[in-house]
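Student: I am new to this structure and would like a close look at a single part of it. Could you take me through one buried spot with care, and then place that spot within the rest of the chain?

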Amino acid sequence: MEGNYSTKKKFRENFYDLNIRASRKIIQEAERLGFKGVSLSYNFDDYNSEISKEYDEIKRESNILIRKCLEVSCKNPEELKKKVQKSRKKADIIMVKGGDTRINRAACEDRNVDILSQPYRNRRDSGMNHVLARKAAENDVTIEINLSGFLKTNLRYRHRVVSQFRHVMDLKRKYGFSVLITSGASSTFDLRNPLDIFALSNCFGMSENESFEALSTVPQHLIDLNDQRGSYVVDGVRTV
């Protein structure tokens, strides 16, 4: 995106939070804060017909765009592949819970994965390197920066989280993969309005354009891509 955020005020209604827990109150608060849409995240292992029914009811009642995200937790790359394949028809967005080096790599190598969530989880480093960065760019896998990992971290260790976020951004600029900012909200108190997120992301060394992309352009791309996925007959070929 060209220009700076001061020239993009008309796009304020085009912000998304693609990782919040299912709650009518959280959705209402996200709408009040100015988000155009959200993705409700469910654990793959807990997802069932009752949760699916509840999601459908929430989506019907909501005044903003709602999408379903299944978060896949796995112990090894083989389990990841199986769960991702099973998730594809159930969810609009597939997110893999990162942290383990093998899982981070397997997620970045799988084109069916939309988001690698917090590759830095429970680590001292960012969980990303030049190999994973290149794979994420090649396979259109988005890397999530989850604000809960920063806001809920003890002040003694918060500098480590900032360092992890900065390293992710350094790799993003070099290799060109997409970065997404989410709240990971499980209550209304975890949400922040887009302007506050812009200010906060500056602490991670993100420019205004990068923040705008992570809150607007990238999530919009993920939503559009998955809305159109059913019209593809083979990879890269879509029916008219």
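Tutor: Let us begin with Phe165, which has a relative accessible area of 0% and is therefore buried, since the cut-off for that word is under 20%. Please keep in mind throughout that this is a predicted model. Phe165 takes part in aromatic pairing, and a search of the whole structure finds 6 aromatic pairs. In one of them Tyr120 and Phe165 meet edge-to-face, with 5.2 Å from centre to centre and 65° between the planes. This pair links distant parts of the chain, for Tyr120 sits in the loop between strand E5 (115–117) and helix H5 (130–138), whereas Phe165 belongs to helix H7, and the two are 45 residues apart. Like Phe165, Tyr120 is buried.

Phe165 also forms an edge-to-face pair with Phe204, and here the centres are 4.7 Å apart and the planes stand at 85°. Distant parts of the chain are again linked, because Phe165 lies in helix H7 while Phe204 lies in the loop between helix H8 (194–201) and helix H9 (208–228), 39 residues apart. Phe204 has a relative accessible area of 1%, so this residue counts as buried too. Elsewhere, ring pairs join Phe15, Phe198 and Phe212 into a cluster.

From the rings we can step out to the nonpolar interior. The largest nonpolar core holds 60 residues, and those with the most contacts inside it are Leu40, Val96, Met128 and Phe177. Helix H7, which spans residues 158–175, gives the most to this core, contributing 6 residues. A second core, separate from that one, has 10 residues, including Leu18, Ile93, Val218 and Leu222. Returning to Phe177, and setting aside residues up to four places away in sequence, we find that Phe177 touches Met128, Ala133, Ala136, Ala137, Val141, Ile143, Val168, Leu171 and Lys172.

Val141 provides a bridge to another buried position, since Val141 is also among the residues in contact with Val113. Val113 is placed in the loop between helix H4 (101–108) and E5, and with a relative accessibility of 0% Val113 counts as buried. Leaving aside neighbours within four places in sequence, the contacts of Val113 are Val84, Ile94, Val96, Ala107, Asp140 and Val141. For one of these, Ile94, the spacing can be stated: Val113 and Ile94 are 19 residues apart in sequence, and their C-alpha atoms are 5.7 Å apart in space.

The strands E1 and E2 offer another view of the enclosed parts. In strand E1 (residues 16–21), 5 of the 6 residues are buried, so the strand is largely enclosed by the rest of the structure. E1 pairs with strand E2 (residues 37–43) in the parallel sense over 4 bridges, and within this arrangement Tyr16 has Gly37 of E2 as its bridge partner. E2 is mostly covered as well, with 6 of its 7 residues buried. In the segment before E1 lies Asn14, whose relative accessibility of 18% falls under the 20% cut-off, which means that Asn14 counts as buried. Beyond residues up to four places away in sequence, Asn14 touches Lys36, Leu215 and Ser216.

With these parts in view, the whole chain can be described. The protein has 9 helices and 9 strands, and buried residues make up 49% of its 240 residues. Its accessible surface comes to about 12000 Å², and 47% of that surface belongs to carbon and sulfur atoms. Among contacts between residues at least 6 apart in sequence, 66% join residues at least 24 apart.

A last word concerns confidence. The mean pLDDT of the protein is 88, and 90% of its residues reach 70 or more. Over residues 1–8, however, the pLDDT is below 50, although this stretch has 19 contacts in the model beyond near neighbours in sequence. Where pLDDT is low, the predicted coordinates should not be read in detail.

Key
Residues numbered from 1 in each chain as written. Predicted model: local features only at pLDDT ≥ 70, side-chain atom pairs only at ≥ 80, totals over all residues. Heavy atoms only, no water. Core = buried A, V, L, I, M, F, W, Y, C linked by side-chain atoms within 4.5 Å. Buried < 20%, exposed > 50% of the residue type's maximum accessible area, 1.4 Å probe, protein only. Contact = heavy atoms within 4.5 Å. Areas by Shrake-Rupley, 256 points an atom, 1.4 Å probe, with all protein chains shown as cover. pLDDT = per-residue confidence, 0-100. Phe/Tyr/Trp six-rings, centres within 6.5 Å; stacked < 30°, edge-to-face > 60°. Pairing = 2+ DSSP bridges.
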